[in-house]
Amino acid sequence: MPKETYFSLPGEKRNRVYQACKLEFETHSYQDAKVMHVVKALNISRGSFYQYFEDLKDCYFFVLSNETIELHQLFIDLVKVYSIDEALEKYKFLLLEQLIRGENYEIYRHRFLDWNYDLDHAWKQKATGTFHSSKSNNPITQVLKSVVHDLVYRLFSENWDEETFIEHYEKEIEVVCIGLEAYYKNMKSHH
């Protein structure tokens, strides 16, 4: 998270710095993002950037924590209120609302297409109160998380529209819900 120097900035300047950082991660993946772009947009020295953030990763995680939500937590919250079937049905629309219809489409797109082990490990270290640290041992959660991550990755990598996402989501969640064996038997009986 940003250093105290960042939080000590007057509100307008702090907002300018933040907006320049956000724009960098909307227009570039983390791997392609550069401190140079941010300081040039702000017309500040490179040293000033490092007075505000430890490094580019610190800046990236700050933007992610402000602009994205924990998608898995959306599902956990739904399950607290609805049956698993109802929660899964509502979840696909919440995912679309956040990922496609939301204003942070590009940030999510870069996040899912470019996330790697190093970023994941660093994120888990910094985000101690997140889904990762509190829910990761439940096998049902792990399976659903894997399926949803893959669907979201393909949403962005294959440029799916909403209909395509829903079609794949429903088929793959059905497999998870009824189990591979039952799904395979069901497929064979239809041929």
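Let me start with one pair of helices: α2 passes α8 in a left-handed crossing. The axes of these two helices, α2 and α8, come within 7 Å and cross at roughly 60°, and that makes α2 oblique to α8. On the α2 side the residues involved are Lys-22, Phe-25, Glu-26 and Thr-27, and they meet Glu-106, Ile-107 and His-110 in α8. I should say at once that what we are looking at is a predicted model, and everything that follows should be heard with that in mind.

Now let me step back to the whole chain. Its secondary structure comes to 13 helices and 0 strands, so if you follow the elements from the N terminus on, you read α thirteen times over, written α-α-α-α-α-α-α-α-α-α-α-α-α. The C-alpha trace spans about 65 × 30 × 30 Å along its principal axes. Of the 191 residues in the chain, 39% count as buried. If we take the contacts in the chain with a separation of 6 or more, 65% of them are accounted for by residues 24 or more positions apart.

Let me return to α2, and to its other partner in this talk, α3. The axes of α2 and α3 come within 9 Å and cross at roughly 140°, which makes α2 oblique to α3. Here α2 passes α3 in a right-handed crossing, whereas, as I said at the start, the crossing of α2 with α8 is left-handed. The contact between α2 and α3 is made by Arg-16, Val-17, Ala-20, Cys-21 and Glu-24 on the one side, and by His-37, Val-38, Ala-41 and Leu-42 on the other.

One residue in that list deserves a closer look, and that is Val-17, which lies in helix α2. Is Val-17 buried or exposed? With a relative accessible area of 3%, Val-17 is buried. Not counting residues up to four places away in sequence, Val-17 touches Tyr-6, Leu-9, Leu-42, Tyr-52 and Phe-53. There is also a separation to note here: Val-17 and Ile-44 are 27 residues apart along the chain, and their C-alpha atoms are separated by 9.7 Å.

Between α2 and α3 there is a loop, and Ser-29 has its place in it. Although it sits in a loop, Ser-29 counts as buried, at 7% relative accessibility. Leaving aside its neighbours within four places in sequence, Ser-29 is in contact with His-110 and Asp-114, and you will remember His-110 as one of the α8 residues that α2 meets.

Next I would like to turn to helix α5, which covers residues 56-67. At 1.5 Å a residue, its 12 residues should span 16 Å, and the end C-alpha atoms are 16 Å apart, which agrees. How many of the residues of α5 are buried? The count is 9 of the 12, so α5 is largely enclosed by the rest of the structure. The buried ones are Leu-56, Asp-58, Cys-59, Tyr-60, Phe-61, Phe-62, Val-63, Leu-64 and Glu-67. What covers them includes α1, α2, α3, α4, α8 and α9, so the helices I have discussed up to this point, α2, α3 and α8, appear again in this list. At the N-terminal end, α5 is capped by Asp-55, a side-chain oxygen of which lies 3.2 Å from the backbone nitrogen of Lys-57.

Further along the chain, helix α7, residues 84-99, packs with helix α11, residues 139-157, at an angle of about 40°, with their axes 12 Å apart. This crossing is right-handed. From α7, the residues Leu-88, Tyr-91, Leu-95 and Leu-99 meet Leu-144, Val-148, Val-152, Leu-155 and Phe-156 in α11. As background to such a pattern, an α-helix has 3.6 residues a turn, so residues three or four places apart point the same way.

I will finish with two asparagines in loops. Asn-43 is found in the loop between α3 and α4, and its phi is near 60°, a positive value in a residue other than glycine. At 72% relative accessibility, Asn-43 counts as exposed. Asn-159 lies in the loop between α11 and α12, with a phi near 50°, again a positive value in a residue other than glycine. Asn-159 is exposed as well, with a relative accessible area of 59%.

Note on methods:
Residues numbered from 1 in each chain as written. Predicted model: local features only at pLDDT ≥ 70, side-chain atom pairs only at ≥ 80, totals over all residues. Heavy atoms only, no water. Helix = DSSP H or I, 4+ residues; strand = E, 2+ residues; numbered from the N terminus. Expected span 1.5 Å × (residues − 1). Buried < 20%, exposed > 50% of the residue type's maximum accessible area, 1.4 Å probe, protein only. Contact = heavy atoms within 4.5 Å. Polar contact = N/O pair within 3.5 Å; in protein donor to acceptor, adjacent residues only side chain to side chain. Axes fitted to C-alpha atoms, helices over the stretch in contact; angles between N-to-C directions. Parallel < 35°, antiparallel > 145°, perpendicular 65-115°, else oblique. Left-handed = near helix turned anticlockwise from the far one by under 90°.
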